[in-house]
Amino acid sequence: HRIDEQPSIDTKDDELEDVQDWLAERLREGDRAAAARLVEMYYQQIFLYMRRLGHDRQESEDLTQESFLNAWYHIGQLKDGKALVSWLYRIASNVSRLYWRRHKGQKVVSIEWIDAPEDRIVQSNTSSEYEQLEALRQAVAQLPIKLKEVVVLHYMQHLTITEAAKAVGVRQGTFKSRLSRALKNLRKQLP
């Protein structure tokens, strides 16, 4: 593919691998248009991930930009286009962890839950659904970062267990164990 023959961003899952392979190849070659394409494709996802990890809006913007800069500087580490998404989330996870280490004691803001079925909640005659959702948001926000990451990656960012485990940098078994502990913790916190 030449840059003027870019695959479409709006692809089906079976075509996504081709787009990711093409993009990874172009990025490794130092193609700035491919870097812009990467940002175009994944900026919103990484921004929402940062918000869901408890960063405020401005921090999320900054950390998202830092994640993409780190991706550009370390593109040589990406061996396979199929791993592009989990590699990008891993970079974002590391950027977030580093931020929290540097800012210990800073309060976590309420997490973003953008894909909540708010229209359905508004239509409900009772506020119980909203209250349950809010309680769940708060419970997830209070989880330790390692447990919060697995919940956010798998349930909110919709990554598979394999992708999410790669993004966190652990084996699948470790990821599943953390996910199990997180869910057990959430069950204890929620009525």
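Visitor: Which residue follows α2, and is its phi positive or negative?
Guide: G54 follows α2, and its phi is positive, near 105°. Keep in mind that this is a predicted model.

Visitor: What sits at the other end of α2, and what makes it a cap?
Guide: D31 caps the N-terminal end of α2. One of its side-chain oxygens lies 2.8 Å from the backbone nitrogen of A33. The cut-off for a polar contact is 3.5 Å, and 2.8 Å is within it.

Visitor: How do you know that the length of α2 agrees with its residue count?
Guide: Helix α2 covers residues 32-52, which is 21 residues. At 1.5 Å a residue they should span 30 Å. The end C-alpha atoms are 29 Å apart, so the two values agree.

Visitor: Where does α2 bend, and by how much?
Guide: The bend is at Y42, and it is about 55°.

Visitor: How many aromatic pairs are there?
Guide: The count is 3. Take Y43 and F68, one of them.

Visitor: Why is the pair of Y43 and F68 called stacked or edge-to-face?
Guide: Stacked. The ring centres are 6.0 Å apart, and the limit for a pair is 6.5 Å. The planes meet at 15°. Stacked requires under 30 degrees, so this pair is stacked.

Visitor: Which parts of the chain does that pair link?
Guide: Y43 belongs to helix α2 and F68 to helix α3, residues 57-73. The two are 25 residues apart, so the pair links distant parts of the chain. Both Y43 and F68 are buried.

Visitor: What makes the pair of Y49 and Y89 stacked or edge-to-face?
Guide: Edge-to-face. Their ring centres are 5.2 Å apart, and their planes stand at 85°. Edge-to-face requires over 60 degrees, so the pair earns that name.

Visitor: Which helices does this second pair connect?
Guide: Y49 is in helix α2, and Y89 is in helix α4, residues 84-102. They are 40 residues apart.

Visitor: How do you know whether Y49 and Y89 are buried or exposed?
Guide: Buried means under 20% relative accessible area. Y49 has 0%, so it counts as buried. Y89 has 1%, so it is buried as well.

Visitor: How does α4 fare on span?
Guide: Its 19 residues should span 27 Å at 1.5 Å a residue. The end C-alpha atoms are 27 Å apart, so the span agrees.

Visitor: Why is α4 called mostly covered?
Guide: Of its 19 residues, 14 are buried.

Visitor: Where is S60, and is it buried or exposed?
Guide: S60 is in helix α3. Its relative accessibility is 0%, so it counts as buried.

Visitor: Which residues does S60 touch?
Guide: Leaving out residues up to four places away in sequence, S60 touches F47, M50, R51 and H55.

Visitor: What is notable about the phi of H158?
Guide: It is positive, about 60°, although H158 is not a glycine. H158 sits in the loop between α7 (145-156) and α8 (161-168).

Visitor: Why is H158 called exposed or buried?
Guide: The bar for exposed is over 50%. H158 has 55% relative accessibility, so it is exposed.

Visitor: What does the chain as a whole contain?
Guide: It has 9 helices and 0 strands. Buried residues make up 42% of its 191 residues.

Visitor: What share of the contacts with a separation of 6 or more joins residues 24 or more positions apart?
Guide: That share is 64%.

Visitor: How much area does the chain expose?
Guide: About 11,100 Å², with carbon and sulfur atoms supplying 49% of it.

Technical notes
Residues are numbered from 1 along each chain as its sequence is written. This is a predicted model: local features need pLDDT of at least 70, side-chain atom pairs count only at pLDDT 80 or more; totals for chains, interfaces and linings use all residues. Side-chain values use heavy atoms; hydrogens and water are left out. Helices (H or I, at least four residues) and strands (E, at least two) are DSSP runs, numbered from the N terminus. The expected span of a helix is 1.5 Å times one less than its number of residues. The bend at a residue is the angle between axes fitted to the seven residues ending there and the seven starting there. A polar contact is a pair of N or O atoms within 3.5 Å; within protein, one must be able to donate a hydrogen and the other to accept it, and residues adjacent in sequence count only if both atoms are side-chain atoms. Buried means under 20% relative accessible area, exposed over 50%, partly exposed in between (1.4 Å probe, protein chains only). Contact means heavy atoms within 4.5 Å. Accessible areas come from the Shrake-Rupley method with a 1.4 Å probe; for residues, only the protein chains shown count as cover.
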